[in-house]
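Here is a short briefing for the bench. It covers one strand, the ligand surroundings and one loop residue.

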Amino acid sequence: MFETLHKATLDKIFVLMAEYAADPRSEKIDLGVGVYKDETGNTPIMSAVRKAEARIHENARTKTYVGVSGNRGFCNAIVDLVLADSVDRSRVRTAQGPGGTGALWILIQLLNRAKPGARVMISDPSWPNHWPMMELAGLTPEHYPYFDPKTRAVDFDAMLATLDTLGPDDIVLLHACCHNPTGANLTEAQWDQVAASLARTGAFPLLDLAYLGFGDGLEADAYAARKLASSVPEMMIAFSGSKNFGLYRERAGCAIAIARDEAGADIVGSQMSNVIRASFSQPPDHGAEIIRVILEDPALRAEWEAELAQMRERMKRLRVKLAEAIRKQSNATDYDFIAEHSGMFSLLGLERDVVERLKTEDGVYMINDSRINVAGIPEDRVDALASHLLAATR
Ligand code: PMP
């Protein structure tokens, strides 16, 4: 059976994580892995999560199945959080997925049923899993221009020009906020233009929302989702609770579909359940239940929002500190973009050999496309990191 197979390559991030773990140097710096880290380098369990877990432990009476579409309270709370009153709820259907990836998987399976093999436009670059996920689902991925490596900002004119050429048979995958891997995002005015373009061409938006609250706040980060929801007749959103609730391994995600009307929504909802049943039958509950408990309880919710704000502010502070340290040492403004980007990542735009040298000579680890996780910047060694980056690119 297996003779027809060849060895598959692992996502480069897992290789890098292993190399970092094996590196004996005490001054090594991990800017690679894509999880939030506190100042001690730990990915913490949020205090609201601990309290919600204690409550669940206390009150739970059964582990019986929850249902194909998962934890309804969780899904409803996520729709409130993401869409607020931007769309009539009779047009919205949801299903819980195992993580944001699972939510995205349900949605793209459904899209491939609706339009087998349809073209999906993906930002260049994008989260490395987007492309293979589309291929595995049977869809046809293609890139739209996004990041300008010279300015380290979004090449919005090129992006919009491509979006304007699309039609009703095309799907566009958009990062709702905190673009991964670049950290470069659209302004609200630019989202308005994207919404107008999609409304005009009829291209179908699929929003990946994996970092709500990591950029400029829960409201600001929901702008794209709400703007599109109020501008186009149909769309989908894949929400992840991995980063903003720190629930990575618990796999809490929500697939949201918005249809033209209630009858259309019923069909889409039934198709989501059908896809889930044949894929993994039911999602895991624990992470979703934690999020439901937090979002439905005003005190726990306030505690979560405060902790999320702290994490966001810490990342912003580290961005500003690194950009300032580089400016001070070099007298140049080349790296100011780090402070202008938002979310957990920035794409530095370095050549592969520079990234390799930073790793081997200085113990500074980043993804080989030069994406850094700003949460990994050591606050007490920002100057050292700045001088490594400057020396490597000199
Ligand atoms: N989309 C993007 C852009 C991401 O960065 C991630 C997490 N790395 C996900 C989706 C999926 O996250 P998860 O499945 O862990 O919830």
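Valine 92 stands opposite isoleucine 258 in strand β10. Keep in mind that this is a predicted model. Valine 92 belongs to strand β2, residues 92-98, and that strand is the place to start.

**Strand β2**
- Strand β2 runs antiparallel to strand β10, residues 252-258, and seven bridges join the two.
- β2 is mostly covered, with seven of its seven residues buried.
- In a regular strand the side chains alternate between the two faces of the sheet.
- Both faces of β2 are covered.
- One side holds Val92, Thr94, Gln96 and Pro98, all buried.
- The other side holds Arg93, Ala95 and Gly97, also all buried.

**Around the ligand**
- The ligand has 13 residues around it.
- Gly99, Gly100, Thr101, Ser240 and Ser242 come nearest.
- Helix α4, residues 99-114, supplies the largest share of the shell, three residues.
- By class, the shell has nine polar, three nonpolar and one charged residues.

**Glutamate 351**
- Glutamate 351 sits in the loop between β11 (345-347) and α14 (352-362).
- Is glutamate 351 buried or exposed?
- Glutamate 351 is exposed, because 12 other C-beta atoms lie within 10 Å, and a residue counts as exposed at 12 or fewer.
- Glutamate 351 and arginine 119 are 232 residues apart in sequence.
- In space, glutamate 351 and arginine 119 are 30 Å apart, C-alpha to C-alpha.

Definitions and conventions
Residues numbered from 1 in each chain as written. Predicted model: local features only at pLDDT ≥ 70, side-chain atom pairs only at ≥ 80, totals over all residues. Buried ≥ 20, exposed ≤ 12 C-beta atoms within 10 Å, placed from the backbone. Helix = DSSP H or I, 4+ residues; strand = E, 2+ residues; numbered from the N terminus. Pairing = 2+ DSSP bridges. Near = placed C-beta within 6 Å. Nonpolar A, V, L, I, M, F, W, Y, C, P; charged D, E, K, R; others polar.
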